[in-house]
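I opened this model to make notes on its fold, its core, its cross-links and a few single residues. The entries follow in the order I looked things up.

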Amino acid sequence: MILTIMKFLKISFLSLAVFTVLMLPALPVHAELPALDIQSAYKAIVKIYTYETTPDYFLAQKSAGSGIIINNDGLVLTNYHVIADEERNDMPQETAYLICLTTAIEENPDCRYVAKLIATDKNSDIALLRIQ
């Protein structure tokens with residue numbers, strides 16, 4: 001049973017990776033991201049805050065988590081549960097995603113980026129965001 005689940009997750013992840021590599025590089029870039037090398041790989045790790053519009057039209061933070069920048073176009077791979085509403089276990093109607101980048105280990109993260117939801121797979125607990 002566990003081998004079947006692991007095989008399914010591996011196939012799902014590989015499908016997402018192939019789609020990302022083959023299809024998404026042609027889309028336009030909207031954010032200038034810091035260049036990464038082996039000594040600064042920590043810069044690829046981002047903090048994600050998910051906000052939802054309340055009935056009073058205010059933004060309320062619903063969840064937070066982490067993700068990783070997977071290419072220079074600003075694609076961020078994260079978990080579905082980071083961007084989904086935990087109470088309703090689904091996607092909120094109106095959401096906003098705040099992305100925080102680490103530019104130096106000794107400094108606070110730069111939280112001036114927003115992202116758009118590109119794709120999700122609830123069963124694999126995977127989501128793909130694009131930094132705007």
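Entry 1, burial and surface. I looked up burial for the chain and found that buried residues make up 33% of its 132 residues. I note here that the model is predicted. The accessible surface of the chain comes to about 8600 Å². Carbon and sulfur atoms account for 59% of that surface.

Entry 2, fold. I listed the secondary structure and got two helices and six strands. Read from the N terminus, the order of elements is α-β-β-β-α-β-β-β. I then took the contacts between residues at least 6 apart in sequence; 54% of these join residues at least 24 apart.

Entry 3, core. Which residues have the most contacts inside the largest nonpolar core? I found I99 and L129, in a core of 17 residues. The elements that give two or more residues to this core are β1, α2, β4 (95–101), β5 and β6 (126–131). As background, nonpolar side chains in soluble globular proteins tend to be buried together.

I followed L129 further, leaving out residues up to four places away in sequence. L129 touches I48, G74, L75, V76, T78, I83, Y97, I99, A115, K116, L117 and I118. I99, noted above for its contacts inside the core, is therefore also one of the residues that L129 touches.

Entry 4, V82. I placed V82 in helix α2, which covers residues 80–83. Is V82 buried or exposed? I recorded a relative accessible area of 4%, so V82 is buried, the cut-off being under 20%. Setting aside neighbours within four places in sequence, V82 is in contact with I48, T50, S63, A64, G65 and S66. For S66 I also took the C-alpha separation from V82, which is 7.6 Å across 16 residues of chain.

Entry 5, disulfide. I searched for disulfides and the count came to one. The pair is C100 and C111, with sulfur atoms 2.0 Å apart. C100 is in strand β4 and C111 in strand β5, 11 residues apart, and the pair links distant parts of the chain. I recorded 115 degrees about the S-S bond, and the link of C100 and C111 is right-handed.

The two cysteines got separate burial notes. C100 is buried, at 1% relative accessible area. C111 counts as partly exposed, at 35%.

Entry 6, salt bridge. How many salt bridges does a search of the whole structure find? I got one. The side chains of R112 and D110 form a salt bridge, with N to O at 2.7 Å. R112 counts as exposed because its relative accessibility is 62%, and exposed means over 50%.

Entry 7, D121. I found D121 in strand β5, which covers residues 110–121. D121 is partly exposed, with a relative accessible area of 29%. Its C-alpha atom is separated by 6.9 Å from that of Y80, and the two residues are 41 apart along the chain.

Entry 8, nonpolar patch. I looked for nonpolar residues on the surface and noted a patch of about 230 Å². I45, I68 and I70 make this patch. I45 sits in strand β1, residues 45–53. With a relative accessible area of 46%, I45 is partly exposed. Patches take residues with over 30% relative accessible area, so I45 passes that cut-off.

Definitions and conventions:
Residues numbered from 1 in each chain as written. Predicted model: local features only at pLDDT ≥ 70, side-chain atom pairs only at ≥ 80, totals over all residues. Heavy atoms only, no water. Patch = residues over 30% accessible without salt bridge, like charges linked within 9 Å, V, L, I, M, F, W, Y side chains within 5 Å. Areas by Shrake-Rupley, 256 points an atom, 1.4 Å probe, with all protein chains shown as cover. Salt bridge = Lys/Arg side-chain N within 4 Å of Asp/Glu carboxyl O. Buried < 20%, exposed > 50% of the residue type's maximum accessible area, 1.4 Å probe, protein only. Contact = heavy atoms within 4.5 Å. Core = buried A, V, L, I, M, F, W, Y, C linked by side-chain atoms within 4.5 Å. Disulfide = S-S within 2.5 Å.
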